[in-house]
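The following paragraphs lead the reader through a protein structure, part by part. Please keep the sequence and the model in view while reading.

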Amino acid sequence: MKECDVAIIGGGPGGYVAAIRAAQLGMQVICIEKSSNLGGTCLNVGCIPSKTLLYATEHLTPDFHFDQMMSRKQEVIGGLAGGISALFRKHKIEHLQGLGRLIESHLIEVNGQKVKASHIILATGSEPIALPFLPFDGKTVLSSTDALSLEAPPKKLLLVGAGVVGLELGSVYLRLGTEVRVVEFLDHICPTLDSDLSKALQKSLEKQGFVFQLSSKIIAKEGSVVKIENAQGKIEEQEAEVMLVCIGRKPYSEGLGLEAVGIQKDRRGYVQIDSNFRTAVPHIYAIGDLVDGPMLAHKASEEGVAVAELIAGKRPHINYMAIPTVIYTHPEVAGVGFTEAQAKEAGLKVKCGKFPFKANSRARCKGEEEGLVKVVTDAQTDKIVGVHIMNERAGDLIQSGVIAIEKETTARELGAMSHPHPTYAEAIKEAALAVHGEQIHF
């Protein structure tokens with residue numbers, strides 16, 4: 001039997017980061033991961049491979065080869081996974097490969113071996129949701145994982161779900177010459193986005209070639225023909241060579257032995273925790289996609305650090321309002337804090353400022369004029385409660401919004417800060433000034 005201070009089930013961005021932080025704090029750590037590669041979904045079949053493919057297809061050249069792009073993707077994954085393994089060696093963290101299962105409150109079984117731990121962190125992540133009547137087969141009905149390893153681009157792709165993952169993967173294959181049609185149940189794309197950004201992104205993607213069929217749902221598939229029903233109940237049939245189903249993800253909470261130790265899940269499979277990530281068993285914690293909240297790698301990492309520090313007796317801080325989201329389409333879209341609608345639903349008197357990139361000098365120099373910055377404020381205090389950006393570098397620019405919300409910055413304070421010229425970041429300053437109608441360049 002192996003013994004340790006902290007055992008972690010799951011080696012993704014929540015689990016491996018928790019392992020490193022716990023080791024830094026002087027604890028003996030064992031991380032149990034079913035895959036030979038550490039890094040979880042994000043590194044192996046999510047964030048990293050999809051961004052590698054997105055970048056490759058943004059820069060297509062006449063000598064482009066699909067198989068070389070896929071090889072490059074694997075090289076990136078392998079290199080980063082190797083880096084995590086090196087960090088484990090550096091911090092003397094033991095990696096056990098296999099499926100971990102709770103058999104007692106302090107005891108985990110993995111590959112017939114037992115691990116006894118003073119504290120346990122559950123960080124098993126999530127998996128794609130399939131349509132109830134249409135299981136993934138890896139050939140004609142694809143999950144997001146399947147779409148990262150195709151042997152060739154399909155001629156036509158029916159994308160089910162207009163969320164972040166689907167639009168990113170759809171962008172990859174659209175650029176490779178695939179005809180992409182999107183069926184979305186809601187009447188707008190990317191439901192978590194501020195409405196102004198959602199509309200702007202849809203318009204941009206349509207110009208690129210996406211075809212959107214909103215307020216519609218797949219109700220059946222017979223051979224290569226799918227039946228699609230719209231909001232009025234009208235049913236039409238379409239040929240679907242390949243379907244990519246991206247309707248969300250569910251927590252990977254089956255087979256963990258939760259019931260054996262008295263840990264509860266809700267009806268959606270999320271593990272129930274208190275404000276300190278504790279389950280019903282106080283020394284067992286759960287983080288990341290396994291618990292309710294946005295399924296984001298960086299959110300899981302922050303929670304991993306927080307739990308390690310809680311175990312060490314520290315008082316960590318996570319401001320969930322200041323956790324950003326990014327969609328890596330072209331242009332990118334990023335947001336942090338409240339959307340305008342959410343701020344109003346929270347009872348705030350809202351005041352917004354917007355600034356278009358067509359009036360930004362750096363964007364004009366580069367010919368990247370699509371998009372805007374939107375700053376959402378509490379009109380009574382002038383504090384910034386939301387920042388939303390659509391621009392080719394929105395994922396990097398959004399950090400200004402994160403800092404503004406974390407530090408309770410007002411629109412006037414952000415508008416008074418000097419920003420270098422010419423940069424995309426000047427649009428953030430201008431949007432903050434626009435809250436009070438004081439923008440200079442538009």
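For helices, an axis is a line fitted to C-alpha atoms over the stretch in contact, and angles between N-to-C directions run from 0 to 180 degrees. In this predicted model, that definition applies to helix 1 (residues 15-24) and helix 9 (residues 297-311), whose axes come within 8 Å and cross at roughly 30 degrees. The crossing of helix 1 and helix 9 is right-handed. On the side of helix 1, Val17, Ala18, Arg21 and Ala22 take part, and they meet Ser301, Gly304, Val305, Ala308 and Glu309 of helix 9. Sorted by class, the residues of this contact are five nonpolar, two polar and two charged.

The description now turns to a parallel sheet. Its five strands follow the order 8-15-9-10-11, and the sheet is open. At its edges stand strand 8 (141-142) and strand 11 (211-213); each has a single partner strand, so one side of each is left without a neighbour in the sheet. Further in, strand 9 (residues 156-160) pairs with strand 10 (residues 179-183) over five bridges, in the parallel sense. Within these strands, Leu159 stands opposite Val182 of strand 10. Helix 6 packs on this sheet and touches strand 9, strand 10, strand 11 and strand 15 (242-245), its direction making about 170 degrees with that of strand 9.

One residue of helix 6 deserves a closer look. Ser171 lies in this helix, which spans residues 164-175. Is Ser171 buried or exposed? Its relative accessibility is 1%, and because buried means under 20%, Ser171 counts as buried. Beyond its neighbours within four places in sequence, Ser171 is in contact with Leu54, Leu205, Phe210 and Thr329.

In soluble globular proteins, nonpolar side chains tend to be buried together. Here, the largest nonpolar core has 35 residues, and Leu167, Tyr173, Ile189, Leu201, Phe210, Phe212 and Leu244 are those with the most contacts inside it. Two or more residues of this core come from each of helix 3 (47-58), helix 4 (66-90), strand 9, helix 6, strand 10, helix 7 (195-208) and strand 15. Helix 6 gives the most, with five residues. The surroundings of Ile189 can be traced in detail: residues up to four places away in sequence not counted, Ile189 touches Ala162, Leu167, Ser198, Leu201, Gln202, Leu205, Phe212 and Leu214. A second core, separate from this one, has 27 residues, among them Ala322, Val387, Val402 and Ala427.

Another sheet remains to be described. It is open and antiparallel, with five strands in the order 18-19-22-21-20. Strand 18 (325-327) and strand 20 (350-356) are its edge strands, each pairing on one side only. On average, neighbouring strands of this sheet are turned by 10 degrees against each other, direction ignored. Strand 19 (residues 332-337) and strand 22 (residues 384-391) are joined over six bridges in the antiparallel sense, and Gly337 has Gly386 in strand 22 as its bridge partner. Helix 15 (residues 426-434) packs on the sheet, where it touches strand 20, strand 21 (372-378) and strand 22; the direction of helix 15 makes about 140 degrees with that of strand 20.

The last stop is Ala343, which is placed in helix 10 (residues 340-345). Ala343 counts as buried because its relative accessibility is 0%. Its contacts, leaving aside neighbours within four places in sequence, are Phe338, Leu348, Val350, Val376 and Val385. Ala343 and Ala312 lie 31 residues apart in sequence, and their C-alpha atoms are 36 Å apart in space.

Notes:
Residues are numbered from 1 along each chain as its sequence is written. This is a predicted model: local features need pLDDT of at least 70, side-chain atom pairs count only at pLDDT 80 or more; totals for chains, interfaces and linings use all residues. Side-chain values use heavy atoms; hydrogens and water are left out. Helices (H or I, at least four residues) and strands (E, at least two) are DSSP runs, numbered from the N terminus. Buried means under 20% relative accessible area, exposed over 50%, partly exposed in between (1.4 Å probe, protein chains only). Contact means heavy atoms within 4.5 Å. Two strands pair if DSSP finds at least two bridges between them. A nonpolar core is a set of buried Ala, Val, Leu, Ile, Met, Phe, Trp, Tyr and Cys residues joined through side-chain atoms within 4.5 Å. A crossing is left-handed if the near helix is turned anticlockwise from the far one by less than a right angle, and right-handed if clockwise. Ala, Val, Leu, Ile, Met, Phe, Trp, Tyr, Cys and Pro count as nonpolar, Asp, Glu, Lys and Arg as charged, and the others, Gly among them, as polar.
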